[in-house]
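Let's take a walk through this structure together, starting from a single residue and working outwards. Keep the 3D view open as you read.

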Amino acid sequence: AVFWACEALAWSFYVPALEALLAESVIPQQRGTALAIYGASGALTATVAAPLGARLYSHWIAAPFLFSALCLGMAAMFAARTPPTNADYATIKSHN
């Protein structure tokens, strides 16, 4: 029960902070769209990942973990190619 309480406390700080960070990194006209994409991608990922992970695990125990590592690596490569946001430009402008 203590673990669940600690997890709930951490979650109550994590979620609003992440959504605020997301809202600050896009222009005000696109905040709703960005938050909608963030929420939908999380729900879609959870819906697809559970049965896919179970199926992979039933064939080979290490498969879900390797698949997760592959997906995270691809996401990191994609994120590295993403152009800077308005928040990035504002930071650069304030330092010059």
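## Phe65, out in the open

Phe65 counts as exposed, because its relative accessibility is 58% and the cut-off for exposed is over 50%. Keep in mind that what you're looking at is a predicted model.

Where does Phe65 sit? You'll find Phe65 in helix H3. Try picking out Gly53 as well: twelve residues separate Phe65 from Gly53 along the chain, and their C-alpha atoms are 8.6 Å apart.

## The chain as a whole

Now zoom out. The protein chain has four helices and zero strands, so if you read the elements from the N terminus on, you get α-α-α-α.

How much of the chain is buried? Just 5% of the 96 residues in the protein chain count as buried. The chain exposes about 8000 Å², and 74% of that area is supplied by carbon and sulfur atoms.

## Where H2 meets H3

Here's a handy bit of background: to describe two packed helices, you give the angle between their axes and the distance between those axes. Helix H2 covers residues 31–59 and helix H3 covers residues 63–81. Their packing angle is about 130°, and their axes lie 7 Å apart. That angle makes H2 oblique to H3.

Which residues do the touching? On the H2 side they are Leu52, Gly53, Leu56 and Tyr57, and they meet Ala63, Pro64 and Phe67 of H3. Sorted by class, this contact between H2 and H3 has six nonpolar residues, one polar residue and no charged ones. The polar one is Gly53, because Gly counts as polar in this sorting.

## Glu19 and its partners

Next stop, helix H1, which spans residues 2–24 and holds Glu19. Is Glu19 buried, exposed or partly exposed? Glu19 counts as partly exposed, because its relative accessibility is 35%.

Leaving aside residues up to four places away in sequence, Glu19 touches Leu35 and Tyr38. Leu35 is 16 residues from Glu19 along the chain, and the C-alpha atoms of the two are separated by 7.3 Å.

## A look at the cysteines

One last check. A disulfide is a covalent bond that joins the sulfur atoms of two cysteines. How many disulfides turn up in the whole structure? The search finds zero.

What about the exposure of Cys6 and Cys71? Cys6 has 48% relative accessibility, so it counts as partly exposed. Cys71, at 36% relative accessibility, counts as partly exposed too.

How values were computed:
Residues numbered from 1 in each chain as written. Predicted model: local features only at pLDDT ≥ 70, side-chain atom pairs only at ≥ 80, totals over all residues. Heavy atoms only, no water. Axes fitted to C-alpha atoms, helices over the stretch in contact; angles between N-to-C directions. Helix = DSSP H or I, 4+ residues; strand = E, 2+ residues; numbered from the N terminus. Parallel < 35°, antiparallel > 145°, perpendicular 65-115°, else oblique. Contact = heavy atoms within 4.5 Å. Disulfide = S-S within 2.5 Å. Buried < 20%, exposed > 50% of the residue type's maximum accessible area, 1.4 Å probe, protein only. Areas by Shrake-Rupley, 256 points an atom, 1.4 Å probe, with all protein chains shown as cover.
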